[in-house]
Amino acid sequence: MDESKLAEFMGRLVTDMGGAAMVASIIVGEELGLYRAMSDGRPMSADELAAATGCHPRLVLEWLNAQAASGYVEFVDDTYRLPEEQALALAVEDSPVYVAGGVGVLATLFLDKDKQVAAMRGDGAISWGDHHPCLFDGTERFFRPGYKANLVSTWLPAVDGAVAKLESGARVADVGCGHGASTVLLAEAFPASQFFGFDFHGPSIDAARERAAAAGVADRITFTAAAADAYEETGLDLICFFDCLHDMGDPVGAARHAYEALADEGAVLLVEPFAGDRLEDNCNPVGRMYYAASTFICTPNSLSQDVGRALGAQAGEARLREVFAEAGFSSLRRATETPFNLILEARK
Ligand SMILES: C[S@@+](CC[C@H](N)C(=O)[O-])C[C@H]1O[C@@H](n2cnc3c(N)ncnc32)[C@H](O)[C@@H]1O
């Protein structure tokens, strides 16, 4: 037994335990508007922040001390200050690095712990809709900043001919659309096109309709509760799967259905969590987070459906290529990538 290795590992575990506790602290701070109240970078006392947010002063002081101990806020002369860089991640909802909304996803892992234990002792299945509702909002808020920063500006231009087609008027499906974050962004950018959002989870489709109405694009999006292998639209120029194919029980069935629904010159835009093909490639901060979340969310959802292929959130390009080849597609190429996503283009 190597004492120094033990000490190093204990240090890592304490860091992780602190991180897990801070996730809860971020979720609460976000909901109460504590970060937003500090977003102008002005130093504040705990009492000032409590007064500004209508919160209990002693608990705000304790919360602030946790933020200071974590390097989220600075502590100088008995006041606390949220630096600009931290504000972008924790207070500015429209920023491309806003994570304070998306960490809400992680609450699911704890709130649904008993279901997870039962699934791991049983058939492995937990359907998407059986999770605590914080998963549905959290997923939307987790992915939306990345879509907002990349989808229209970078990902679509990397798909051959997609932008020109969308500008002139395309028929586009967003399969597994959840709350429709991506569908609404597309509809805002391409008013001449017609969009169809599908998800098998009815409450998510209800929320997506509300998001489209609020954004003023309901006239060009039709949201329908339908499984990925069961929607009726055909002649589609672009079929998108945003961070959802690996969640499906039968991704080959979903891809085959897309093949049938796609116009001859159409393309599939497949966006999946960034991953290499081997575990060794994914032993990094992004892979670690996705493997852990996928144990609780993505993989049990796939196992709850027919076929239960259980790709997991770290499927990697080689496994995704197999899925599209089995479904009959002649090509799948990496159009582009970000640290968090693989962006793939499939053609008939
Ligand atoms: C991780 S979420 C992504 C949602 C959305 N695309 C986004 O990026 O915000 C996965 C979505 O896939 C949906 N889903 C899972 N299996 C499905 C299936 N077989 N058919 C249709 N939707 C499915 C879930 O309901 C969920 O909304």
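**A guided look around the ligand**

Guide: By class, eleven nonpolar, six polar and three charged residues make up the shell around the ligand. Keep in mind that this is a predicted model.

Visitor: Which residues are the closest to the ligand, and how many surround it?

Guide: The ligand is surrounded by 20 residues, and the closest are Tyr147, Gly176, Asp199, Ala228 and Phe242. Helix α8, residues 134–155, gives the most to this shell, with three residues.

Visitor: What makes the pair between Asp199 and the ligand a polar contact?

Guide: A polar side-chain atom of Asp199 lies 2.6 Å from an oxygen atom of the ligand. The cut-off for a pair of N or O atoms is 3.5 Å, so this pair counts as a polar contact. Phe242 uses a backbone N or O atom, 2.8 Å from a nitrogen atom of the ligand. For Gln305, a polar side-chain atom lies 3.0 Å from a nitrogen atom of the ligand.

Visitor: How much of the ligand does the protein bury?

Guide: Taken alone, the ligand exposes 590 Å², and the protein buries 96% of that. The space taken by the ligand is the second largest pocket.

Visitor: Let's move to Asn282. Why is Asn282 called buried?

Guide: Its relative accessible area is 3%. Buried means under 20%, so Asn282 earns the word. You'll find Asn282 in the loop between β7 (262–273) and α13 (285–296).

Visitor: What does the side chain of Asn282 reach at 2.7 Å?

Guide: That would be the backbone nitrogen of Gly276. The Asn282 side chain also makes a polar contact with the side chain of Tyr291, at 3.1 Å.

Key:
Residues are numbered from 1 along each chain as its sequence is written. This is a predicted model: local features need pLDDT of at least 70, side-chain atom pairs count only at pLDDT 80 or more; totals for chains, interfaces and linings use all residues. Side-chain values use heavy atoms; hydrogens and water are left out. A residue is near a molecule or strand if one of its heavy atoms lies within 4 Å of it. A polar contact is a pair of N or O atoms within 3.5 Å; within protein, one must be able to donate a hydrogen and the other to accept it, and residues adjacent in sequence count only if both atoms are side-chain atoms. Accessible areas come from the Shrake-Rupley method with a 1.4 Å probe; for residues, only the protein chains shown count as cover. On a 1 Å grid over the protein atoms alone, a cavity is a set of points where a 1.4 Å probe fits but cannot get out, and a pocket is an open set with protein on both sides within 12 Å along at least five of seven lines; lining residues have an atom within 4 Å of a point. A molecule sits in a cavity or pocket if more than half of its atoms lie within 2 Å of its grid points. Helices (H or I, at least four residues) and strands (E, at least two) are DSSP runs, numbered from the N terminus. Ala, Val, Leu, Ile, Met, Phe, Trp, Tyr, Cys and Pro count as nonpolar, Asp, Glu, Lys and Arg as charged, and the others, Gly among them, as polar. Buried means under 20% relative accessible area, exposed over 50%, partly exposed in between (1.4 Å probe, protein chains only).
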